[in-house]
Amino acid sequence: MTTEHAQEPQEKTGHRRSGHTRRRFLAGAGGVAGTLALWPAGSARAASGNRVAVLGGGVSGLSAAQELAERGYAVTVYEYYDTLGGKARSMPVPGTAADGRADLPAEHGFRFFPGFYRNLPDTMRRIPVPGNANGVHDNLVSGTEALFARADGRPDLHFPLRRATTPPRPGDLTLSWIRDQILSALDLATRLPAHEVAYFADRLLVHLTSCDARREEVWEKVAWWDFIRAEEMSEEYRTVLGIGQTRNLVATRAEVASTRTVGRVIIEALLLWGLLGRGMDGDADIDRILNAPTSEAWIDPWEAHLRSLGVQFVLGTQAREILYDGGRVTGVRVSARDGADERTVTADHYICALPVEHARVTWGPALHAADPQLARCDALQTDWMTGVMFYLRTPTPVVHGHINCLDSPWSVTGIGQAQFWDGRDFSRDYGDGRAHDCLSAIISEWDKPGILYGKTAKECTKEEVVAELWAQLKDGLNDAGKTTLRDEDRLGWFMDPAVTGLGGPDPRNREQLLIHPTGTLYNRPTAHTKVPNFFLAGDYVRTDVDLATMEGANESARLAVNALLKADDSDAERCRIWELYRPPELEPLKRIDEVRYKLGLPNTFDLG
């Protein structure tokens, strides 16, 4: 490993590297690497009438492939990269292995699997891993705490992530109990003025008791910043309850983020119901992480399983245009990434599982005209949310869970990863033996000036981004009298090669994330389209989770497969869909609000 410079994977079509650690992890799982050809003309699979082309090998594409293959469909997945997994995949840092170790592991950013995820965990249980009774799902481990780190000597907010020791019994959940819990948690953990804590608690009660129509037709149009009245409150209120709950978590700004999305998914599903243990994936904790690099623990076993089901993969392939004629999709024009080897591939059904910024450029004018919701996708917005892996000489877990640097201008979050990899010894298994930990840090705000150079992240060179990010981490984590991060411990770093052109006139990021400004819901398409053999999957598709997440990507794939089965008049069992938890105790209050909304009245608890 060379010191202090970015290292980017070298892509070789049809070839996947496999360090000894990953091979050991997959031993006996039937892993197969490489690119397989399309179905031969005249083969039994090609003649079945049930051929499906899936465009995109990320979480949504692989989820759709699994559901279809389990139902007897012949599936081919076309993927831009030479590896599967999309933004979730791991990326070995080339040239860093020595003495039989694997290359240092790197990723687009850290992965976490909140306890309220239920669709994706169901898929993970059905991906076999030798020795795991519940397949890949058994590779999830819990983060037990969260650190909201403060700069300038302000006290950190340190939360244990455990369920309430005495949660209310079914039927006993009341608004006064919920309000007391919110007041208690914020009183103990923050230095917010009492009247601001009370106001915030009351605003949450408004959202909790709002009917679906009010949420979709009113709160979807109101920014979270305005809903919680952040502009009129203290700086601490804006930082902790505005920015900290939106920009740092889902790369969307509180000033513009939809109240419906923030309130329903982040506040209710992730935090409130998570703490109560309701609507969770079994006995799951609030926060979960994989017990090894993502591809080792999840993506590689998934690929092996899909191949065993007959799924075929065409890697290093870019979808150029989805061809439409006579009311149906007739094929997809594809090529190698450099534009060579252009050809048209055909199937009976097509699932577009590309990220929205890449999907919409493949929809030509005729296809746009066939379904107006495709044109509305042009209004969907994406933003940058990626970061840097720091390789450290000394194990530096900081906290047993995620870190949120609340005061960082670049909205920095992170996690010490090696502490969760129980089956790994970082220095024994990766690199040249010098690195003992990997601190994965993510930048969610790429358009505000930093503290070192006074430039935005996009204006900085890669080297300046790394120095600035490290400085912001130290600013939040190195309290007076206690040094957590030391410059001499930092061996090297890695940034996702999807980020290019930093410091120049045209910085780009090929792997962006859907964000959720007000009105986003109205532009999100359904998984089924007006074209009978064309379906959509991806975290931008309208799902119940309504947030750009791996859970949303998986749920959208299930919806797409169900729509395909219906269009195909199939009698195969439909994919089960888990929706976000709705506490029955609050349903009567929502019904009252439904009446009030129809009468043009505000929510009962909305006192302005």
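Trainee: What is the accessible surface of the chain, and what share of it belongs to carbon and sulfur atoms?

Mentor: This is a predicted model, and the figures are computed from it. The accessible surface of the chain comes to about 22,900 Å². Carbon and sulfur atoms hold 51% of that surface.

Trainee: How many of the residues count as buried?

Mentor: A residue is buried when its relative accessible area is under 20%. Here 59% of the 608 residues meet that condition.

Trainee: Which secondary structure elements does the chain have, and how compact is it?

Mentor: There are 19 helices and 23 strands. The radius of gyration is 24 Å and the globule rule gives 25 Å for 608 residues, so the chain is as compact as a globular protein of that length. Along the principal axes, the C-alpha atoms fill a box of roughly 75 × 65 × 50 Å.

Trainee: What do the contacts say about separation in sequence?

Mentor: Take the contacts between residues at least 6 apart in sequence: 71% of them join residues at least 24 apart.

Trainee: How are the charged side chains counted and placed?

Mentor: The chain carries 83 negative and 69 positive side chains. The centres of these two sets lie 2 Å apart.

Trainee: Take one residue, Arg215. Where is it, and is it buried or exposed?

Mentor: Arg215 sits in helix 6, which spans residues 212-217. Arg215 counts as buried because its relative accessibility is 4%, and the cut-off is under 20%.

Trainee: Which residues does Arg215 touch?

Mentor: Leaving aside residues up to four places away in sequence, Arg215 touches His207, Leu208, Ser210, Glu220, Arg260, Arg264, Glu268 and Lys590.

How values were computed. Residues are numbered from 1 along each chain as its sequence is written. This is a predicted model: local features need pLDDT of at least 70, side-chain atom pairs count only at pLDDT 80 or more; totals for chains, interfaces and linings use all residues. Side-chain values use heavy atoms; hydrogens and water are left out. Helices (H or I, at least four residues) and strands (E, at least two) are DSSP runs, numbered from the N terminus. The radius of gyration is taken over C-alpha atoms; the globule rule is 2.2 Å times the number of residues to the power 0.38. Buried means under 20% relative accessible area, exposed over 50%, partly exposed in between (1.4 Å probe, protein chains only). Contact means heavy atoms within 4.5 Å. Accessible areas come from the Shrake-Rupley method with a 1.4 Å probe; for residues, only the protein chains shown count as cover. Lys and Arg count as positive and Asp and Glu as negative; His and the chain ends are not counted. The place of a charge is taken as NZ of Lys, CZ of Arg, CG of Asp or CD of Glu.
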